[in-house]
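Work through the exercises below with the sequence and the 3D structure open. Try each task before reading its solution.

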Number of protein chains: 2
Amino acid sequence: MRKLIFVYALFIACFVFYLATSLRESPSDSGLNLGLQGSMEEKYVMVTFQAGIDYWKGCLKGFEDAAESLNVSVAYRGSTRYDLQEQITVLEQVIAKRPAGIAISAMNPDELTSTINKAIEAGIPIVLFDSGVMNSKAYSLLATNNYEAGAAAAHKMASMTGGHGQIGIITLPYQLNHQERTEGFKATIAQQYPGMEVVDVRNGKGDQVVSRQEALSLLETYPGLSGIFNTDAIGGIGVGEAALRKERQGGLKIVAFDTDKGTLDMIQNGVIQATVAQGTWNMGYWSLQFLFHLHHGLTGSGYSKASSSYPLPVYVDTGITMVTRENVSDYIAK
Amino acid sequence: MRKLIFVYALFIACFVFYLATSLRESPSDSGLNLGLQGSMEEKYVMVTFQAGIDYWKGCLKGFEDAAESLNVSVAYRGSTRYDLQEQITVLEQVIAKRPAGIAISAMNPDELTSTINKAIEAGIPIVLFDSGVMNSKAYSLLATNNYEAGAAAAHKMASMTGGHGQIGIITLPYQLNHQERTEGFKATIAQQYPGMEVVDVRNGKGDQVVSRQEALSLLETYPGLSGIFNTDAIGGIGVGEAALRKERQGGLKIVAFDTDKGTLDMIQNGVIQATVAQGTWNMGYWSLQFLFHLHHGLTGSGYSKASSSYPLPVYVDTGITMVTRENVSDYIAK
């Protein structure tokens with residue numbers, strides 16, 4: 001008899017436990033709000049190119065942090081090399097597994113359009129981050145405003161040179177984001193700093209050795225050169241090496257781009273004065289948020305039933321930070 | 001004896017219920033993830049001007065939808081009139097209550113800066129939506145790219161006129177967002193549609209009667225006028241009235257702005273052919289998301305401890321939708 005009642009009690013206990021936990025699973029019935037969250041079966045994928053380079057680490061960290069907040073899974077894929085065909089192959093493999101969403105940084109603004117559009121037509125949400133794609137159906141682009149980043153570099157250069165002197169630029173003249181950085185820099189100097197002049201623009205080919213040679217050549221052609229703005233992530237280190245070789249370190253003001261370890265070391269040593277850090281964490285974090293909202297139909301059209309209104313912000317300027325000796329330790333610690 | 005065991009069973013049941021529900025309350029201990037959510041004590045405030053007009057409804061709906069998802073409270077405040085001093089007073093009253101965050105659409109790009117900066121220095125997160133403020137410390141601006149909106153209006157006008165003819169513009173020539181819409185329109189016509197010409201730009205003063213008079217005057221000066229682009233929310237209705245009075249409805253192509261009821265009615269009747277709907281829901285929704293992330297320290301610096309990196313995207317282009325007879329019902333149904 002006692003045993004039977006004990007079993008009975010246990011049965012009640014299990015039933016109550018079931019009731020209590022089921023509250024958690026059906027928030028709409030119980031009136032409980034569980035916030036924004038998905039399930040671990042939902043997998044979102046980030047696709048890059050040259051997947052091993054430092055630059056993507058911040059993007060992936062933001063992507064992962066958002067996934068943790070939203071209780072979903074992420075994966076990271078990309079071409080190992082700077083190879084368009086390889087990136088397309090990787091993207092096609094990712095699409096074939098029908099993930100909950102894909103965030104892509106496109107190596108080329110034209111060649112990925114059809115692959116992306118096919119995936120979107122098949123119902124897979126896609127956003128672009130860092131580097132966009134022309135005429136694609138991707139829902140949003142989350143990236144640096146490169147013109148404004150160039151303008152910010154110009155203001156920094158002006159404050160360091162006292163607004164006077166000759167300035168050189170080393171860039172990748174055939175790549176859109178670098179053209180924009182160069183234009184923003186040149187226009188800002190021309191319009192706001194009459195004591196300064198951009199005397200030369202060279203092609204550093206995104207290569208440390210080529211950029212060093214171009215910087216050396218600039219320093220020989222313009223012996224009184226006040227500063228060099230280098231628009232890519234690698235060339236700034238070469239420019240720093242040129243300043244060292246010519247014993248102009250500290251005197252020649254250098255503004256670099258991105259936060260590669262070599263660049264940060266040279267900022268600590270005073271060879272490079274500043275570098276433009278992009279909002280990589282923001283790119284990854286808000287890419288995942290956007291994909292999550294698309295996957296769950298939590299966009300304007302989903303909420304408001306106005307099916308024709310645009311579901312997401314079309315462009316997000318993820319912002320920049322000017323890294324100097326004062327705050328460089330924040331970036332090295334990461 | 002039986003009763004005692006029943007009480008005992010009830011006691012076990014209550015304890016198990018407590019255990020099961022407490023799992024829900026301490027996700028970090030139990031390993032459960034509760035997603036992004038706040039508490040109903042957290043109040044976020046939206047502040048506008050001319051608070052009663054239709055335009056803000058979509059913004060507020062987005063703000064409220066995000067609050068529901070995140071389980072937080074919202075309030076709506078604003079000056080009743082188009083009165084800068086009144087908006088400043090309302091904003092100061094809101095700040096005095098120290099809410100969890102404030103989203104402001106600023107009536108004037110200069111005069112609200114110091115009030116906003118003081119609140120941010122006091123630790124209250126602020127973002128701007130719809131209309132920005134120069135040199136403020138607000139974390140982000142979520143708004144239409146007005147230049148691009150003007151360009152989109154130009155493409156629409158060109159497709160309706162077959163890329164030929166004289167076009168007039170009615171605008172507010174002294175207000176920045178209207179200047180940008182006008183510039184985007186004019187530049188697109190000049191660069192891409194050699195068969196079209198913007199022959200006149202008039203000041204409609206954001207007023208239905210003034211805009212009607214200016215439209216009538218345009219139709220008298222240029223009897224063969226092919227189209228009018230009206231850049232504000234109210235004037236388009238006056239332009240429609242002018243087309244009706246001159247019996248040019250349908251023949252004169254009109255592109256208006258925003259989705260006031262009068263404009264939507266004229267689209268249904270075929271008097272106005274298209275209007276540019278702004279991404280108001282996105283402005284409100286992502287404003288609240290950003291404020292929530294600031295309040296909870298869920299930004300790049302909060303997650304990654306890189307305290308100097310910029311916490312949020314600096315600018316969000318909330319997108320536009322071209323509303324025509326085909327999709328106007330989506331906007332009326334709201």
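**Exercise 1. Find the partner of strand β8 and the sense of the pairing.**

Strand β8 (residues 227-230) of chain A pairs with strand β9 (residues 253-257) of chain A. The sense is parallel, over three bridges. Strands here are DSSP E runs of at least two residues, helices are H or I runs of at least four, and both are numbered from the N terminus. Two strands pair if DSSP finds at least two bridges between them. Within this pair, A:Phe229 stands opposite A:Val255 in β9(A).

Two conventions apply throughout: this is a predicted model, where local features need pLDDT of at least 70 and side-chain atom pairs count only at pLDDT 80 or more, while totals for chains, interfaces and linings use all residues. Residues are numbered from 1 along each chain as its sequence is written, chains are lettered from A and ligands numbered from 1 in the order in which they are written, and side-chain values use heavy atoms, with hydrogens and water left out.

**Exercise 2. Place these strands in their sheet, then locate the helix packed on it.**

Step one: read the strand order. The sheet is open, has six strands and runs β7-β6-β8-β9-β10-β12 (chain A), with mixed pairing. Step two: check the edges. β7 (196-203) and β12 (320-323) of chain A each have a single partner strand, so one side of each lacks a neighbour in the sheet. Step three: take the twist, which averages 20° from one strand to the next. Step four: add helix α10 (residues 261-268) of chain A, which packs on the sheet and touches β9, β10 (274-278) and β12 of chain A. Its direction makes about 140° with that of β10(A). Contact means heavy atoms within 4.5 Å. Axes are lines fitted to C-alpha atoms, for helices over the stretch in contact, and angles run from 0 to 180 degrees between N-to-C directions.

**Exercise 3. Decide whether helix α9 is mostly covered, and say what covers it.**

Count the buried residues (buried is under 20% relative accessible area, exposed over 50%, partly exposed in between, with a 1.4 Å probe and protein chains only). In helix α9 (residues 235-245) of chain A, eight of the eleven residues are buried. Among them are A:Ile237, A:Val239 and A:Ala242. The cover includes β6 (165-171), α8 (208-221), β8, β9 and α10 of chain A. Just after α9(A), A:Glu247 takes a positive phi of about 55°.

**Exercise 4. Explain what two salt bridges of chain A connect.**

A salt bridge needs a side-chain nitrogen of Lys or Arg within 4 Å of a carboxyl oxygen of Asp or Glu. By this rule there are 20 over all chains.

Start with A:Arg212 and A:Glu241, whose closest N and O atoms are 3.0 Å apart. A:Arg212 lies in helix α8 of chain A and A:Glu241 in helix α9 of chain A, so the pair ties together parts that are 29 residues apart in sequence. A:Arg212 is partly exposed at 21% relative accessible area. A:Glu241 is partly exposed at 22%.

Next, take A:Lys61 and A:Asp65, with closest N and O atoms 2.9 Å apart. Both lie in helix α3 (residues 56-70) of chain A, four residues apart, about one turn of the helix. An α-helix has 3.6 residues a turn, so residues three or four places apart point the same way. A:Lys61 is partly exposed at 32%, whereas A:Asp65 is buried at 6%.
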